[in-house]
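Me: I am new to this structure and would like a close look at a single part of it. Please take one helix and follow it through its surroundings.

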Amino acid sequence: MVAETKGSSIEAISDGLGKLVGLSTGYQVLDDMMMGLAPGELTIVAAPTSVGKTLLCLNIAANLAMKDYTVGFITLEMTRPEIGSRLMRIMGDQKDYISNVIVNKSDRMSWRSVDSFIKKAIEYGDIKVLFIDHLHYFARSMDNQAEELGLITQEFKHLAIKYNIPVVLISHTRKTDNMGKERAATMNDLRGSSFIAQDADIVLMLNRVWQNSEDSGSIVDPTGVRVTLEKNRNRFGVPVGTSFRLNKNGLRIETALSSEELMAWNRNKPEPKKGFSAQYKPQNPTPHTNTPTHVEEKVEQESNIQQDIFSDLI
């Protein structure tokens with residue numbers, strides 16, 4: 001549910017863990033950690049390249065759209081047909097709900113035009129949440145990018161407050177030699193500016209899942225992604241450093257916990273963990289019946305999706 005006023009959000013947060021103060025992400029463990037996507041808050045979703053940060057945000061956006069919420073999605077990384085193809089695959093036989101997603105038309109938006117996009121999207125479709133993919137596409141300065149990134153992040157936080165909606169901002173991490181199997185990316189690895197984390201209310205870091213191989217040593221498990229709570233301003237009960245695994249099933253991301261583990265999670269929230277030490281393991285997750293397993297199938301056909309699958313706006 002969506003909190004009706006800021007006051008009710010504050011009251012719900014003060015009551016403790018387990019009560020949503022905003023929109024459900026569609027993932028129970030993530031909702032328990034974040035208490036939902038709260039209006040007026042800025043959430044950062046960050047990861048190294050190709051870990052799954054955009055995919056996770058698309059899944060959350062699809063979950064909300066399929067609950068009949070109107071979702072705003074600004075992308076400067078994908079075309080409208082590309083994002084439409086991915087959303088339709090995630091939604092499966094509920095793909096008609098894609099009309100609840102409002103996507104920007106222009107791939108040359110500046111960060112200053114996001115205000116206008118939100119205003120028009122609220123007037124047109126009463127959006128309840130905005131996803132932005134991604135922060136670093138808006139930074140144009142060659143002289144002081146750190147200062148510009150800080151200014152942009154601060155503006156997006158201001159817009160979340162101004163329009164009383166949650167804003168989810170995707171961010172890259174900087175490249176370091178030992179990041180990966182030697183250590184997980186953390187909030188300190190956000191690329192370009194310390195202001196990114198400073199202005200955020202919640203920071204989620206995504207990392208690859210590594211598994212041991214007798215032949216090759218440690219190798220990446222392509223079916224999993226590790227989500228770690230790095231910052232949780234205004235939240236109580238879930239310690240920073242808590243992490244858990246999500247499974248990739250085609251383009252659909254699913255909770256890797258069994259029903260028994262979910263019950264245990266609700267009874268006893270995990271203690272702070274470091275790196276990849278959380279002990280939640282996949283329990284033979286059931287394949288998503290509505291999503292193709294081979295995501296490369298019919299790419300050419302789906303790339304021809306018409307522009308009018310989305311609500312037209314900008």
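In which sense, left-handed or right-handed, does α3 pass α4?

Reply: The model is a predicted one. In it, α3 passes α4 in a right-handed crossing. Helix α3 covers residues 53-65 and helix α4 covers residues 80-91. Their axes come within 10 Å and cross at roughly 60°.

The contact can be read residue by residue. On the α3 side it involves L55, L58, N59, A62 and A65. On the α4 side, the residues they meet are I83, R86, L87, I90 and M91. Sorted by class, this contact between α3 and α4 has 8 nonpolar residues, 1 polar and 1 charged. The polar one is N59 and the charged one is R86, because Arg counts as charged, while a residue outside the nonpolar and charged groups counts as polar.

Helix α3 also takes part in the largest pocket. About 340 Å³ of space lies in this pocket. It is lined by 16 residues, and those closest to its centre are S50, G52, K53, T54 and L55. Helix α3 gives the most to this lining, with 4 residues. L55 therefore has two roles to keep in view: it is among the α3 residues that meet α4, and it is among the residues closest to the centre of the pocket, a lining that is counted by atoms within 4 Å of a pocket point. By class, the pocket lining has 5 nonpolar, 6 polar and 5 charged residues.

The next space to look at is a cavity. The structure holds 1 cavity of 30 Å³ or more, and about 40 Å³ of space lies in the largest cavity. Its lining consists of L30, M34, L37, T43, V45, C57, I60, V168 and L204. Helix α3 is one of the elements that each supply at least two residues of this lining, along with α2 (28-34) and β1 (42-47). By class, the cavity lining has 8 nonpolar residues, 1 polar and no charged ones. The polar residue is T43, because Thr is outside the groups that count as nonpolar or charged.

To put the views of α3 together: this helix crosses α4 in a right-handed sense, gives the most residues to the lining of the largest pocket, and supplies at least two residues to the lining of the largest cavity. The pocket lining includes 5 charged residues, whereas the cavity lining has no charged residues.

Conventions:
Residues numbered from 1 in each chain as written. Predicted model: local features only at pLDDT ≥ 70, side-chain atom pairs only at ≥ 80, totals over all residues. Heavy atoms only, no water. Axes fitted to C-alpha atoms, helices over the stretch in contact; angles between N-to-C directions. Left-handed = near helix turned anticlockwise from the far one by under 90°. Contact = heavy atoms within 4.5 Å. 1 Å grid on protein atoms, 1.4 Å probe; cavity = no way out; pocket = protein on both sides within 12 Å on 5 of 7 lines; lining within 4 Å. Points joined across faces, edges and corners; volume = space filled by probe spheres on them.
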